[in-house]
Structure formats: structure tokens, C-alpha cells
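Work through the exercises below with the sequence and the structure open. Try each task before reading its solution.

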Amino acid sequence: VPQDWVMIAGQLDELESDRDIGAMRMMLKLQQQVMEMNQDELLAALDEISALNLSEESKKTLESLLIGSLIEKDLELALTKCVGHLKGEKSSMQRQLSRAFSEWAKKDLAKSSSWLDEKIAEGEFDSKSLKGINQSLIEFESALVQQLISSNPSVAANRLKAMPDKERDN
């Protein structure tokens with residue numbers, strides 16, 4: 001489903017200032033088209049959008065739309081492919097992926113925990129902020145610890161102890 005993402009970004013920008021019925025219909029149609037895309041199409045669209053000459057705000061709006069659909073289709077794939085886009089600060093993408101990870105931790109604690117440990121080891125959550133704090137890691141660890149507290153409190157405590165002080169205190 002090839003899309004003209006530059007044109008769509010412009011239309012979305014217009015929607016921000018124009019909340020009439022026609023604008024809402026257009027947004028619903030776009031959401032429906034995105035929901036009809038398969039995983040490969042969504043991943044290709046994310047790559048295409050990241051390479052476009054658009055404002056960061058426009059890119060984030062489009063990415064958020066696509067990531068939501070990808071999470072619905074394949075939560076683990078969405079996390080794996082998109083975690084590298086997290087910069088450590090709060091963003092719409094960070095919130096979407098954090099919620100997705102929290103849902104995954106509820107469904108499969110062992111696999112989500114292993115995935116997070118792997119991504120930490122790969123440096124995906126290394127802090128990129130001046131404060132040395134990665135908000136995304138804090139959100140992901142929090143979701144995991146919340147699930148571990150009820151099933152394995154000692155593992156939850158060990159995860160908290162292993163976090164750097166400045167991230168644990170946040």
C-alpha cells in the first residue's frame with residue numbers, strides 16, 4: 001500500500017487546526033488504511049518516513065500512527081523494531097512502546113524479561129540524555145518490576161538493585 005507520506009503529513013498538520021467533520025472522516029480513513037497494512041508494509045513505511053525531509057513533529061505523528069497498528073498486529077516485532085528509535089525522553093512513541101511492553105510482561109513475563117535484558121546488553125537503552133537517565137528504560141523496568149512483585153519479589157528487588165541510582169530514584 002504505497003502512500004504519499006509527505007502529503008499525508010501535510011494533511012495531518014491541517015487536521016490539527018481544522019476539526020470539522022470532513023477532517024475527522026479523512027483521519028478515520030487514514031487510520032483504516034494503516035490498519036489494513038501488514039507488518040512488512042508497516043515496517044517499510046516506518047523506514048520510508050524516517051528518511052523523508054519532514055519536520056520531527058510530522059515524522060513522530062506518522063510514526064505513532066504506524067506503530068500503534070504494528071503493536072496491534074505483532075507486539076514483540078513492534079518493540080524489537082522500534083526500540084532503537086527511543087531517545088530516552090518522553091514521547092508518544094515511548095508511551096506506546098512502554099504500554100505495549102507492559103501488556104507483554106503481563107502475558108509472558110519470562111520472554112519479555114529476557115527480551116529487555118538482551119536489549120539492555122546490546123546498549124539499546126544506554127542513556128542519551130545530559131542527565132544520564134533513560135526514561136524509556138525506567139518505564140520498561142517499571143512495567144517488568146510491577147509484574148515480578150506479585151510472582152517473584154526477590155527477582156523484582158534484584159532488578160531494582162541493579163538499576164543505576166539516578167534511574168532507580170526517578
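The exercises that follow concern a predicted model.

**Exercise 1. Helix packing**

Task: Find the angle at which helix α4 and helix α5 pack, and classify it.

Solution:
- Step 1. Helix α4 covers residues 56-73 and helix α5 covers residues 75-82.
- Step 2. The two helices pack at an angle of about 135°, and their axes are 5 Å apart.
- Step 3. Angles over 145 degrees count as roughly antiparallel, and those from 65 to 115 as roughly perpendicular. The angle of about 135° therefore makes α4 oblique to α5.
- Step 4. On the α4 side, Ile67, Leu70, Ile71 and Lys73 make the contact; on the α5 side, Leu75, Leu77, Ala78 and Cys82 do.
- Step 5. Sorted by class, the contact has seven nonpolar residues, no polar ones and one charged residue.

**Exercise 2. The nonpolar core**

Task: Which members of the largest nonpolar core touch the most other members?

Solution:
- Step 1. The largest nonpolar core has 43 residues.
- Step 2. The members that touch the most others are Leu66, Leu79, Leu97, Phe101 and Phe140.
- Step 3. At least two residues of this core come from each of α1 (5-17), α2 (21-36), α3 (39-51), α4, α5, α6 (92-107), α7 (109-121) and α8 (135-151).
- Step 4. Take phenylalanine 140 and leave aside its neighbours within four places in sequence. Phenylalanine 140 is then in contact with Leu79, Leu86, Leu97, Ser98, Phe101, Trp115, Leu116 and Phe125.
- Step 5. For background, nonpolar side chains tend to be buried together in soluble globular proteins.

**Exercise 3. Two salt bridges**

Task: How far apart in sequence are the parts tied together by lysine 111 and glutamate 76? Then examine the pair glutamate 103 and lysine 106.

Solution:
- Step 1. The whole structure has five salt bridges.
- Step 2. In the salt bridge of lysine 111 with glutamate 76, the closest N and O atoms are 3.2 Å apart.
- Step 3. Lysine 111 belongs to helix α7 and glutamate 76 to helix α5, so this pair ties together parts 35 residues apart in sequence.
- Step 4. Lysine 111 has a relative accessible area of 41% and is partly exposed. Glutamate 76 is also partly exposed, at 28%.
- Step 5. Glutamate 103 and lysine 106 form a salt bridge with an N to O distance of 3.4 Å. Both lie in helix α6, three residues apart, which means a separation of about one helical turn.
- Step 6. Glutamate 103 is partly exposed at 35%, and lysine 106 is partly exposed at 49%.

**Exercise 4. A salt-bridge network**

Task: Are arginine 159 and glutamate 141 buried or exposed, and which residues form a network with them?

Solution:
- Step 1. The side chains of arginine 159 and glutamate 141 form a salt bridge, 2.8 Å from N to O.
- Step 2. Arginine 159 is in helix α9 (residues 153-162) and glutamate 141 is in helix α8, so the pair ties together parts 18 residues apart in sequence.
- Step 3. Buried means under 20% relative accessible area. Arginine 159, at 11%, is buried, and glutamate 141, at 5%, is buried.
- Step 4. Salt bridges with shared partners join Asp117, Glu141 and Arg159 into one network.

**Exercise 5. Serine 64**

Task: Where is serine 64 found, and which residues does serine 64 touch?

Solution:
- Step 1. Serine 64 is in helix α4.
- Step 2. Its relative accessibility is 17%, so serine 64 counts as buried.
- Step 3. Not counting residues up to four places away in sequence, serine 64 touches Ser92 and Gln96.

Conventions:
Residues are numbered from 1 along each chain as its sequence is written. This is a predicted model: local features need pLDDT of at least 70, side-chain atom pairs count only at pLDDT 80 or more; totals for chains, interfaces and linings use all residues. Side-chain values use heavy atoms; hydrogens and water are left out. Axes are lines fitted to C-alpha atoms, for helices over the stretch in contact, and angles run from 0 to 180 degrees between N-to-C directions. Helices (H or I, at least four residues) and strands (E, at least two) are DSSP runs, numbered from the N terminus. Angles under 35 degrees count as roughly parallel, over 145 as roughly antiparallel, 65 to 115 as roughly perpendicular and the rest as oblique. Contact means heavy atoms within 4.5 Å. Ala, Val, Leu, Ile, Met, Phe, Trp, Tyr, Cys and Pro count as nonpolar, Asp, Glu, Lys and Arg as charged, and the others, Gly among them, as polar. A nonpolar core is a set of buried Ala, Val, Leu, Ile, Met, Phe, Trp, Tyr and Cys residues joined through side-chain atoms within 4.5 Å. Buried means under 20% relative accessible area, exposed over 50%, partly exposed in between (1.4 Å probe, protein chains only). A salt bridge is a side-chain nitrogen of Lys or Arg within 4 Å of a carboxyl oxygen of Asp or Glu.
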